[in-house]
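Dear colleague,

Please find the structure below, handed over for your records. My findings follow directly after it, and I should be grateful if you would read them with the structure open.

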Amino acid sequence: DIENMTVGDIMPREVITVGRNEQLRVVDDMMQLGHVRHMPVVDEDGRLVGILSQRDLFHNAVLKAIGYGDHGMDKLLAMLQVKEAMVSEVITVTADSPLKDAARLMIDAQIGCLPVLASGRIIGILTETDLAALIAEG
């Protein structure tokens, strides 16, 4: 019954994270290889400090690489770090958040994912794909 489900009922618990000083080129490769569209960014203590989406990565790289072509874009991604493209104001939820509320939050904020936190640490991530899969299975 979707009405009574929580975020923890469907969220993937395996979450790939990156550090804010990682090169964008490395993160872009990781996202493409893992078919991941959202990458939580953590500090040295493992606390969430931002999120990087493929859209953020593409948008920031394109703005700075206009006129340089693919080679210029690759070079630029190698020069930039995650902290230069990430969004640092991240909307999050907890595992016991009602799934319906989380879905509404994603719609209202026009975001594609919600990191799931417990004591400031990532324990999962809820994405649009997770919600679509739930509906498709139901």
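Buried residues account for 40% of the 138 residues in the protein chain. Please note that the model is a predicted one. Of the contacts in the protein chain with a separation of 6 or more, 58% are made by residues 24 or more positions apart. The protein chain contains 6 helices and 5 strands, and along the sequence these follow the pattern α-β-α-β-β-α-α-α-β-β-α.

The sheet

An open sheet is formed by 3 strands in the order E1-E2-E3, and its pairing is mixed. Its edge strands are E1 and E3, each of which pairs on one side only. In general, the strands of a sheet pair through backbone hydrogen bonds, in either a parallel or an antiparallel sense.

Strand E1 (residues 18-19) runs parallel to E2 and is joined to it by 2 bridges. Within this pairing, valine 18 is placed opposite valine 41 of E2.

On the other pairing, E2 and strand E3 (residues 48-53) are antiparallel and share 5 bridges. The register can be followed residue by residue: histidine 38 stands opposite serine 53 in E3, proline 40 opposite isoleucine 51 in E3, and valine 41 opposite glycine 50 in E3. Valine 41 therefore has valine 18 opposite it in one pairing and glycine 50 of E3 opposite it in the other.

E2 and E3 together form a hairpin, with 5 residues between the two strands. In the turn, glycine 46 has a positive phi of about 80°.

As to burial, strand E2 (residues 38-42) is mostly covered, with 5 of its 5 residues buried. Both of its faces are covered: His38, Pro40 and Val42 are buried on one side, and Met39 and Val41 are buried on the other. For E3, 6 of the 6 residues are buried, so this strand is largely enclosed by the rest of the structure.

The packing of H5 and H6

Two packed helices are described by the angle between their axes and by the distance between those axes. Helix H5 (residues 99-109) and helix H6 (residues 128-137) pack at an angle of about 130°, and their axes are 11 Å apart. H5 and H6 are therefore oblique to each other. Their crossing is left-handed.

The contact brings Leu99, Ala103 and Met106 of H5 against Glu128, Leu131 and Leu134 of H6. Sorted by class, the contact of H5 with H6 comprises 5 nonpolar residues, no polar residues and 1 charged residue.

Individual residues

Three positions outside these helices also deserve a description.

Threonine 127 belongs to strand E5 (residues 121-127). Its relative accessible area is 15%, which is under the 20% cut-off, so threonine 127 is buried. With neighbours within four places in sequence left aside, threonine 127 is in contact with His38, Met106, Gly112 and Cys113. Two of these residues appear above: His38 is a buried residue of E2, and Met106 is one of the H5 residues that meet H6.

Serine 97 is located in the loop between helix H4 (69-79) and H5. Serine 97 counts as buried, at 15% relative accessibility. Once its neighbours within four places in sequence are left aside, serine 97 is in contact with Thr6 and Val7.

Glutamine 23 is found in the loop between E1 and helix H2 (24-34). With a relative accessible area of 34%, glutamine 23 is partly exposed. Leaving aside neighbours within four places in sequence, glutamine 23 is in contact with Leu77, Ala78, Leu80 and Gln81. The C-alpha atoms of glutamine 23 and methionine 79 are separated by 6.8 Å, although these residues are 56 residues apart along the chain.

In summary, the findings concern a mixed open sheet of 3 strands, an oblique arrangement of H5 and H6, and three individual positions, of which threonine 127 is buried, serine 97 is buried and glutamine 23 is partly exposed.

With kind regards

Methods
Residues numbered from 1 in each chain as written. Predicted model: local features only at pLDDT ≥ 70, side-chain atom pairs only at ≥ 80, totals over all residues. Heavy atoms only, no water. Axes fitted to C-alpha atoms, helices over the stretch in contact; angles between N-to-C directions. Helix = DSSP H or I, 4+ residues; strand = E, 2+ residues; numbered from the N terminus. Parallel < 35°, antiparallel > 145°, perpendicular 65-115°, else oblique. Left-handed = near helix turned anticlockwise from the far one by under 90°. Contact = heavy atoms within 4.5 Å. Nonpolar A, V, L, I, M, F, W, Y, C, P; charged D, E, K, R; others polar. Buried < 20%, exposed > 50% of the residue type's maximum accessible area, 1.4 Å probe, protein only. Pairing = 2+ DSSP bridges.
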